[in-house]
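The following paragraphs walk through selected features of the structure shown here.

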Amino acid sequence: MMRSRRRAGAFALACLAILGGAALSCGRAPSTEVVFWEFWPAEIVQPLLDRFEHEHPGVHVRLEQLTWQSGQEKIAAAVGADHVPDLCEVGSTWMPRLLAGGKLAEWTSSVEDLRPELRGWSLCSIGDHAYGLPWVMGTRALFYNKTLFAKAGLDSTKPPETWDDLYAAAEAIQKLGGGVHGYGVQAGERYILFKKFMPFAWGNGGRILSDDQTAAVFDSPQNLAALEFYLKLRDVGLIEHQDELDRQFKDGRLGLEISGAWLFKSIPRDAPRLRYGVALVPRPDLEHGTHASFAGGEVLVGFKAAKQQAAALQLARFLVRADNALALSIAAKGVQPAAVAADTAAYYREHPAEQVMIQQFETAVPTPNHPAWGDMEAAIEDEIEQALLGKKTPRQALSDANQKLAQLVAKP
Amino acid sequence: MSAAERWDGGADERRRQAHVPAWRWIWLGPWLATMLVPFAWMLAISLAPAAGGSLSRALTTPWSLANYRALFATAHLGTYLVNSAVVALAVVTLNVLTAAMVGYVLGRRRVGGERFWTLGIVATLMLPKQVLMIPLYLVIARLHLLDTYAALILPFAVDAFSIFLVRQYVLGLPAELEEAARVDGASDVAIFVRIVLPLMRPVLAVVAIQSFLANWNSFLYPLILVDSDRLRTLPVGLALLSQTEHSVDWGFLMAGSALASLPVLAAFLAFQRHILSGVLAGSEK
Amino acid sequence: MSRRVHSRATSWLLLAPWVVAFAVFGLYPFAFSLGASFTDYSPIHEGAPHFVGFANYAAALADPAFWSSLGTTAVFVVGSIPFTTALALALALAVQPAFRGRTLFRVGFFLPSVVSVVVLSLVFKGLYAADGTLNALLGALHLPTPSWLLDPHTALPAIMAMDVWSASGYYMVIFLAGLEAIPRELYEAAHLEGAGRWDAFAHITLPLLRPTLLFVLVVNTVRSLQIFAEVFVMTRGGPLHATTTVVYYLYEQAFYRFNLGYASAVAYLLFAVTLLLAWAQMKLVGRPTEGAA
């Protein structure tokens, strides 16, 4: 009997909790409240928001942080129910679909003046129409282990500049043996392989789609050469998932890998004594090609269904300002500002490794803004992976990929 | 064959089993060891702040409680814990009650087409949440329950898994005690509360354990149905604090997961006794 | 007669919670998904969705990727459930009688279920790495050490092994409850008549455990058919789609392509398969026991 009394008590408590929760949620609303959804830690973003509120009295920003895990599910659900925030941070990989969906607020006329100040407009525009503001950018560069370079008899102040240099360096380090590998080849994971292979293709002048996005040009001699080189790297390296490659690099067992700025945050934390350097992605040779890399980033968007349109745009313009975006980038370390003015900041002069990322932006290539981009990326990755795991010849892989791309481009 | 004769407190059992354990340890021991390896890994990583996710470095670098200290210093950890606890308590209570009620009705075949009802209830488990989450979100939004405790409790108050579990258990329970009580003129409600519920103690303990577990570690729905930080639950809070787009703060995440698993372990330890000792209480009238 | 009427009223009263909860929170999502499966609904698309009839279903049935994912899921289910069930039952039988250290074993076997699936999968991703802990152990025993999650032949078995390992403790607890319902004196009577342990198991335990066994089979089947989180964390459906299960396939459609209409159609195809399997299991295994008087 005492048990059922306890149960009744627990039940009552549960009811109270429900009612209490419902009551708590009917709060008071300040003058203008802008709801902002973003992914960075609150302690990094809140100071920026405090400054914004100081510059714009009467506007309060309610920050709601999203998790990277399942974050896009949350955004999709909110957009589907029109229960949208006023301002939202969205990753560049989701933008093509969102742009095609038509629920984003158009900001073209209100952001004309910012055109020369920011880079990455292709991430949030359809043609000349802007549906967001680029906030921060991310790219990929070559990370190398200086200690292993020295051990292999290489000059650790001269990172590889060309494909041949890269191969030679990886070969030398691979020969060290004892669980040490030369180059980290990423495989087995969707949405990442693309960013590790395409730099070589782009660097060699290869493209995916024609400039007007009506034809697939993936099956080209430049891309073939790039793929053949990439496959050669397997012989002097290790094939693994990206986070395992990062882990091995931090362990000091991997000589070279293409990775991103998140390492600037995790290396000091996880491997403070690692001696490493950063270089631009190697180009085919000194006369041809570019140090191309992948360009992505985070975009700030507003929604047509949002309550506070004007204030949201004000907040967006504030956040993409060079000083604010720089503050975020310095604290978060995984990205760099989209604002061009931040390139010359003292911080990057003091941190040459991060400076390389900024330099890498100059030759970084964004992905096509085609609505079917998701399927295209999947097609490319499937075929490259087949070649990587030896199931297809490079020529066959490119040809099959191009066929799939041609079909996808043809769809409306 | 009364319920009282079913269980002698285990005394006979213990006498009989006392000389058996040796061979049990031989095959159970190694299997238990494999269970512990991943947790040993997690603990090692959480105690080696300078090692990242690497076990080899974790074993060679100095250990410290830095990750745990950082965890407890986290601004809103208390809030997350309280929210998780409140929601879990509410959901478990509701699950146990409703599973007992509905499972009993189904197990005793008290409604027509009971098999059909059961299949229907089990069928609600058969659509993946990736597809259900957006329409559920729409329902919660229309009911103006987004960003409330109610959103985290009400949709999960009645659980098909628990109902099915109780129904199966009830199928195996002899009905004489209930019949006898009915002959004696007891009301349906009295029979349910005084005879059936105590008999169901083992399965209700399992319902409590699995319901607490499912709810405590629940991530997707607490993420999408709740926006504010003050209503955030522990798994979402942990993810916010330890995961960035491309990398995981391993030490912190492992420390947080270790902490998060303690209440579940406690609940398991508390309830697992009841899986055994339930039957005696029901024999008294 | 009044008692029978009263009894039915109570029955419906006791059934009410499920009916209400389902009406509010279950019916709409189910109906919505069914409806969406006949349209081109996308949550991020402006304007009303268009009715497309059975186009989504036809597209799914014509997509080799869908069939491949169905095959992968089938392998997963058929390959893991017998082991999970047998292991869970064996563990329950082993830790049911009283002996010193029993609680330690119970807690130990249940331990994998205590941590969130995502965290456990992250841990295993590290353990399965080419030079991870598992290969270190295997190497010491001079056994092969493949890169478990990168080889299309070993990736799915690796995930299946992890699933069997972690789920066995969970279902062990359920079997424990089921074992408890079996009257002790049946065993004593059998012992008096000279029946051995195996006879007792085959003729008393197994038959009376039938409802619990059915539960474990049905629930584990339903859950395994929907396996997602482990795949998402450990392999993202790779390598070469070796671990792309049906739910992973529909997740990509729903949240990378935002084709929720198509994803719903795939979900309902899976639903049909699941329902059929569960119904078959209930028919084959789920006959009422003779325990009820």
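**Backbone features and a chain contact**

Ser70(A) sits in the loop that runs between β2 (59–65) and α3 (71–80) of chain A. The model is a predicted one. Ser70(A) is not a glycine, yet its phi is positive, near 65 degrees. Because 21 other C-beta atoms lie within 10 Å, Ser70(A) counts as buried; the cut-off for that class is 20 or more.

A positive phi also appears in chain C, at His142(C), where the angle is about 60 degrees and the residue is again not a glycine. His142(C) belongs to the loop between α6 (133–140) and α7 (155–180) of chain C. With 7 other C-beta atoms within 10 Å, His142(C) is exposed.

Chain C also holds a cis peptide bond, between Gly238(C) and Pro239(C), with omega about -15 degrees. Pro239(C) is located in the loop between α11 (229–234) and α12 (246–255) of chain C. Most residues other than glycine have a negative phi, and most peptide bonds are trans.

Back in chain A, Gln403(A) is part of helix α16 (residues 394–410). Gln403(A) is partly exposed because it has 15 C-beta neighbours inside 10 Å. Its C-alpha lies 8.1 Å from that of Ala216(A), although the two are 187 residues apart in sequence.

Chains A and B meet in a contact to which chain A gives 36 residues and chain B gives 38 residues. On the side of chain B, the elements giving two or more residues include α4 (55–60), α8 (129–142) and α15 (234–242). The largest share there, six residues, comes from α6(B). By class, this side of chain B has 23 nonpolar, 11 polar and four charged residues.

Note on methods: Residues are numbered from 1 along each chain as its sequence is written. Chains are lettered from A and ligands numbered from 1 in the order in which they are written. This is a predicted model: local features need pLDDT of at least 70, side-chain atom pairs count only at pLDDT 80 or more; totals for chains, interfaces and linings use all residues. Helices (H or I, at least four residues) and strands (E, at least two) are DSSP runs, numbered from the N terminus. A residue is buried if 20 or more other C-beta atoms lie within 10 Å of its own, exposed if 12 or fewer, and partly exposed in between; C-beta atoms are placed from the backbone. Two residues are in contact if their C-beta atoms, placed from the backbone, lie within 7 Å. Ala, Val, Leu, Ile, Met, Phe, Trp, Tyr, Cys and Pro count as nonpolar, Asp, Glu, Lys and Arg as charged, and the others, Gly among them, as polar.
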